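Dear colleague,

I am passing on the structure we spoke about, and below it you will find my notes on what came out of it. Please read them with the coordinates open beside you.

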Amino acid sequence: ISYLNSCVNPILYGFVGHNFRKNLLRDKVLRLTPGSEEHVTIIREIGEKIKVDFWRPDSPDLVTIGKTVDIHVPAAQLDMVFTILHQSGMEVKVMLENLQEAMEAQMDQRATKAHGYTKYNDWATINDWVSSITAANADLISSQVIGNTYEGRPMHVLTVGKKTGSAKQAIFMDCGFHAREWISPAFCQWFVNEAVTTYGTDSEMTTLLDNMDFFVLPVFNVDGYEHSWTNDRMWRKTRSKNSGSNCIGTDPNRNFDAGWCTIGASSNPCSETYCGSSIESEIESKNLANFIRTNKAIIKAYLTVHSYSQLLLFPYSYTYDHTPDHSELLSVSRGAVSALTSLHGTRYTSGPGAATIYPAAGGSDDWAYDLGIKYSYTFELRDEGFYGFLLPESQIQPTCEETMLAVKYIATHVLNNP
Ligand code: ARG
Ligand code: ZN
């Protein structure tokens, strides 16, 4: 389907609104390999002076020699960016020739607004789904609102586990920290459904739900998620106003009390990795942190789900120092990754955040670990950059199936190692 056809297609046009009207016709995603300090400087300058959107790493200051960089370059900037890159002699690969086409390919069930587990659901649909799945599974699910977002939307936490009447250990899992990482909320929804539909038949899931509770926050950054559906598919941060700046939003994964704003984060409100005006300046961060602090005695694991890169990370990211639990965290991550890979052969890398991707302070994983929650993991789901944030709906099912195996592996380890 061509862009022009899609514009006059009433179903497509009506459903996606002005998100599709935004002209991404000739935008491209490029993968650069900086081979020298000079290349790194050139990429940082492109990031600062030209309006390009960093996909990986999250901002220009996180670029390092030898690690590939994925950038989304708007059509108007392509000539200039190509000229600079060719002069520099840097290795450049075109990952996505046409972003518009990838956005269309990403949603193949766009004609329906009904909830589904193999499609991307907008916020209104997820919000209704929370009520309906809770009501339909009263023996296994209860839900609560842990606070509202900046724009006043509810942050739901579903408690999934057999109601036994006695205190149970718990695992906390959130999705949707970063708005454009749509596969993440899709996984939290899949997880809840899979838990209730396999309870009683799958012996591992039955044991888990009989003996522990999962607190699942399907969308953390609800305002950002909504914005990524209605205005800007590539939005990442929260939607709060910044005093003294016209730029909107804070990176919620730089906003926690873990070496806050010391490294791999920016104090510039216009940066995609802005750490915020203070620790927990974002109401979403504060709501999450308050819930976890309140339930600290029972929460044994903290899982936070992002995309993309196929990584399973654990603390620390704010320092290269290893945690006192390094060897256990590493061996559990390796077990989880081999379970994941066994299903479809998807390759993951695991390790501490700082050394495995880049140092970045203020993350919720490091904060939870330092609070005393030993099993703290960040997932970076599919893919490795072919579609990046625009992972097609056809990959939701295999991605969720394989990720379930990793989550169950970690949960079983937690249950057996109280
Ligand atoms: N891509 C994620 C981010 O930059 C990785 C998070 C890893 N953890 C961390 N504390 N930086 O937000
Ligand atoms: Zn993320």
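S309 is placed in the loop between strand 9 and strand 10, in what is a predicted model, and its phi is positive, at about 145 degrees, although the residue is not a glycine. S309 is also buried, because 22 other C-beta atoms lie within 10 Å, and 20 or more are needed for that label. Q310, which belongs to the loop between strand 9 and strand 10 as well, likewise has a positive phi without being a glycine, in this case of about 60 degrees. With 21 C-beta neighbours inside 10 Å, Q310 counts as buried. Y308 has its place in the loop between strand 9 and strand 10 too, and the peptide bond that joins S307 and Y308 is cis, with an omega of about -5 degrees.

What does this stretch have to do with E380? The residues that E380 touches, leaving aside those up to four places away in sequence, are H306, S307, Y308, S309, Q310 and L311. E380 is covered by the UniProt annotation "active site", which comes from an unreviewed entry, and I would ask you to read that label with the caution that annotations may be inferred rather than shown by experiment. The residue itself is found in strand 12, which spans residues 375–381, and E380 is buried, since 21 other C-beta atoms lie within 10 Å.

Strand 12 belongs to an open sheet of 8 strands with mixed pairing, in which the order is 5-6-8-7-9-12-10-11. The edges of this sheet are formed by strand 5 (141–148) and strand 11 (349–352), each of which pairs on one side only, and the twist from one strand to the next averages 20 degrees. At one end of that order, strand 5 and strand 6 (residues 154–160) pair in the antiparallel sense over 6 bridges, and Q144 has V157 in strand 6 as its bridge partner.

Helices pack on this sheet. Helix 8 (residues 183–198) touches strand 5, strand 6, strand 7 (169–175), strand 8 (212–217), strand 9 (299–307) and strand 12, and its direction makes about 135 degrees with that of strand 9. Helix 12 (residues 326–344) lies across strand 10 (311–314), strand 11 and strand 12, and runs at about 160 degrees to strand 10.

The largest nonpolar core has 106 residues, and those with the most contacts inside it are F187, V216 and I410. For F187, the residues touched beyond four places away in sequence are C175, V305, L381, C400 and T403.

There is a second sheet to look at, an open one of 4 strands in the order 2-3-1-4, with antiparallel pairing. Strand 2 (53–56) and strand 4 (91–96) stand at its edges with a single partner strand each, so one side of each is left without a neighbour in the sheet. Neighbouring strands here are turned against each other by 30 degrees on average, direction ignored. Strand 2 pairs with strand 3 (residues 69–73) in the antiparallel sense over 3 bridges, and the bridge partner of F54 in strand 3 is I71. A cis peptide bond with an omega of about -5 degrees joins R56 and P57, and P57 has its place in the loop between strand 2 and strand 3.

As for the chain as a whole, the protein chain has 15 helices and 12 strands, and its C-alpha atoms fill a box of roughly 65 × 55 × 45 Å along the principal axes. A compact globule of 418 residues would have a radius of gyration near 22 Å, and the 21 Å of the protein chain agrees with this. Of those 418 residues, 46% count as buried. Among the contacts with a separation of 6 or more, 75% are accounted for by residues 24 or more positions apart.

If you have time for one region, I would suggest the loop between strand 9 and strand 10, where S309 is placed, together with E380, which touches S309 among other residues.

With best wishes

Technical notes. Residues numbered from 1 in each chain as written. Chains lettered and ligands numbered in written order. Predicted model: local features only at pLDDT ≥ 70, side-chain atom pairs only at ≥ 80, totals over all residues. Pairing = 2+ DSSP bridges. Helix = DSSP H or I, 4+ residues; strand = E, 2+ residues; numbered from the N terminus. Axes fitted to C-alpha atoms, helices over the stretch in contact; angles between N-to-C directions. Buried ≥ 20, exposed ≤ 12 C-beta atoms within 10 Å, placed from the backbone. Contact = placed C-beta atoms within 7 Å. Rg over C-alpha atoms; globule rule 2.2 N^0.38 Å. Core = buried A, V, L, I, M, F, W, Y, C linked by C-beta atoms within 7 Å.
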